[in-house]
Amino acid sequence: MNAKHVLSLAFLSLSLLWGSTLSADPLPGALPPGTIPQPNLPPGVNEALANQNGQSKQVVEEEAPPVLIDGRRADELSEDELLGFLQGKVRTIHQGDGQVEMLRLAPGYPLVLEFSDPVSGWELGDGKLISVKRAYQSLILRTTEESGDTSLIVFFGGGKTRPYHVFVEQSFAKAQTLVRVSPFAKRDGSLQKASWSGGAQPGQYADVAEVARVVENYELLMREGSITPRDIQRLILFHHSQLTGFDYYYLYRFASGPLAITFAWRNPFPYPVRLDESTLRVAIGQSRFIPDFVSLNKDMLPPKAATSGFLILFDPPFAPEQPFTLVWKPK
C-alpha cells in the first residue's frame, strides 16, 4: 500500500467520524434537515410558533376586545338603543347638604355638574388628576389619566356643601356626561312636591293616561315599534324591602321627564287596613316626595292580603339610579 492509498483511507475514516458526530449531536444553532429557517425573534416566540409535530405556525393578529354596553357589543346596538345608552349618561339628582355623591368620568369626555343654587367655590383633592372650570352655574370636570380617584367639595351660601368622590374610568362605558343637581330642600321641612301641587291642571290627566298606557302595555308597544328605548327605558328592580314591606318591580324612565314605579304592598297587621293614595311618599335619604299620581288596585286589605299599583313623578328631582324607598305617611 503506497502513501496515496494510506492518505485516502485516513481521509475516509475522518469523514465517517465527522458524519457520525453531526448526526448524533448537532452543533449549536444547526437545524434538522427539512426545517425552514425562522427569523430572529424574541425569546419564547419560536417555542410558541412550533406545534407538537415540530411544524411552524403563522403569527396572527387578535382583534381588540369589543366595547360592551349592558353585555352587548356596541356595534350590535341599533341607533335607538345607542341613543338610549347615551341619554342615560344624563342624570338629575337630589343631593342634600353634606350628602356624598359619586361621579365617574373618562379621559376625553368632560363631565358637567349643573347646579340650581349659586356656587361659592370648590376644593379639589388632586389637581393633577382632575381639572375644574366654572361655566355660569356649572362646573366642568376633565381628566387625562386612565385611572384614579379624588374628592371634590362644592361650597354654597349659608354654609352648605355638597361633597363628591370622583372616579376616573378607563372608558366612557361607566362615565357620565351631565349631572343636574336639584335645589336644596327648604328650611321649613324636608317634604317636597316633586312637580305639580295637585288638583286638575291642563294636560295633567292626559299625561297620566299616557304614562298608564305605557306601564300597562310596555312589551306590546315595544314589539309594535310604537315606543323605543330612546323614548322610554324600563329598569328592572325586583326586590323586597323588609323595612317598609314594599315589593318593587319596574322603574319606567321617560325621555320627556316623567318617571313611573310599579310596586306591591302586603298588609302585615292582624287587622284590616284602608289605604289612602295621598299618603304614599318616595323617600330619598331624609327627604320625602309626594308623587303626582298614585294608582292602587285595592284600598281595603284584610290581614296578609296584598295590592299592587304604580306611581308617577312628572319632574323627579333625583336620578333613577339613586336608592329610594316607598313609605306610608302616618295619619
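# Close-up views of a predicted model

**Figure 1. A first look at the whole chain.** Welcome to this chain, which has five helices and 22 strands. What you see here is a predicted model. The chain holds 331 residues, and 34% of them are buried. Turning to contacts between residues with a separation of 6 or more, 62% join residues that lie 24 or more positions apart.

**Figure 2. Strand 3 and its two faces.** Let us move in on strand 3, which covers residues 90–93. Its side chains alternate along the strand. Arg91 and Ile93 point to one face and are buried, while Val90 and Thr92 point to the other face and are not buried. Strand 3 also has a partner: strand 11 (residues 178–181) pairs with strand 3 in the parallel sense, over four bridges. In this pairing, isoleucine 93 stands opposite valine 181 of strand 11.

**Figure 3. Arginine 91 and its surroundings.** Is arginine 91, a residue of strand 3, buried or exposed? The relative accessibility of arginine 91 is 12%, so this residue counts as buried, the limit for that word being under 20%. Leaving aside residues up to four places away in sequence, arginine 91 touches Glu101, Met102, Gln176, Leu178, Val179, Arg180, Ala319, Glu321 and Gln322.

**Figure 4. Serine 182, in the loop after strand 11.** Here the view shifts to serine 182, in the loop between strand 11 and strand 12 (191–193). Serine 182 has a relative accessible area of 10% and is therefore buried. Which residues does serine 182 touch, not counting those up to four places away in sequence? They are Thr92, Ile93, His94, Ser116, Asp117, Arg162 and Pro317. Two of these names, Thr92 and Ile93, may be familiar from the alternating side chains of strand 3.

**Figure 5. The second largest pocket.** This view shows a pocket with about 420 Å³ of space. The lining is made up of 23 residues, and Val90, Thr92, Arg253, Phe254 and Ala255 are the ones nearest the pocket's centre. Which elements each supply at least two residues of this lining? Helix 3 (79–87), strand 3, strand 13 and strand 14 do. The largest share, three residues, comes from strand 3. By type, the lining divides into 10 nonpolar, seven polar and six charged residues.

**Figure 6. An open sheet of five strands.** In this close-up, five strands with antiparallel pairing form an open sheet, in the order 13-14-15-21-19. Strand 13 (232–240) and strand 19 (293–296) stand at the edges; each has a single partner strand, so one side of each is left without a neighbour in the sheet. On average, neighbouring strands of the sheet are turned by 15° against each other, direction ignored. Within the sheet, strand 14 (residues 246–254) pairs with strand 15 (residues 259–266) over six bridges, in the antiparallel sense. Look for tyrosine 248, which stands opposite phenylalanine 263 in strand 15.

**Figure 7. Glutamine 286, in a loop between two strands.** Our last stop is the loop between strand 17 (280–284) and strand 18 (287–290), where glutamine 286 has its place. Glutamine 286 counts as exposed because its relative accessibility is 70%, and the word applies over 50%. How far apart in space are glutamine 286 and glycine 96, C-alpha to C-alpha? They lie 8.5 Å apart, although 190 residues apart in sequence.

Methods:
Residues are numbered from 1 along each chain as its sequence is written. This is a predicted model: local features need pLDDT of at least 70, side-chain atom pairs count only at pLDDT 80 or more; totals for chains, interfaces and linings use all residues. Side-chain values use heavy atoms; hydrogens and water are left out. Buried means under 20% relative accessible area, exposed over 50%, partly exposed in between (1.4 Å probe, protein chains only). Contact means heavy atoms within 4.5 Å. Two strands pair if DSSP finds at least two bridges between them. Axes are lines fitted to C-alpha atoms, for helices over the stretch in contact, and angles run from 0 to 180 degrees between N-to-C directions. On a 1 Å grid over the protein atoms alone, a cavity is a set of points where a 1.4 Å probe fits but cannot get out, and a pocket is an open set with protein on both sides within 12 Å along at least five of seven lines; lining residues have an atom within 4 Å of a point. Grid points are joined across faces, edges and corners, and a volume is the space filled by probe spheres set on the points. Ala, Val, Leu, Ile, Met, Phe, Trp, Tyr, Cys and Pro count as nonpolar, Asp, Glu, Lys and Arg as charged, and the others, Gly among them, as polar.
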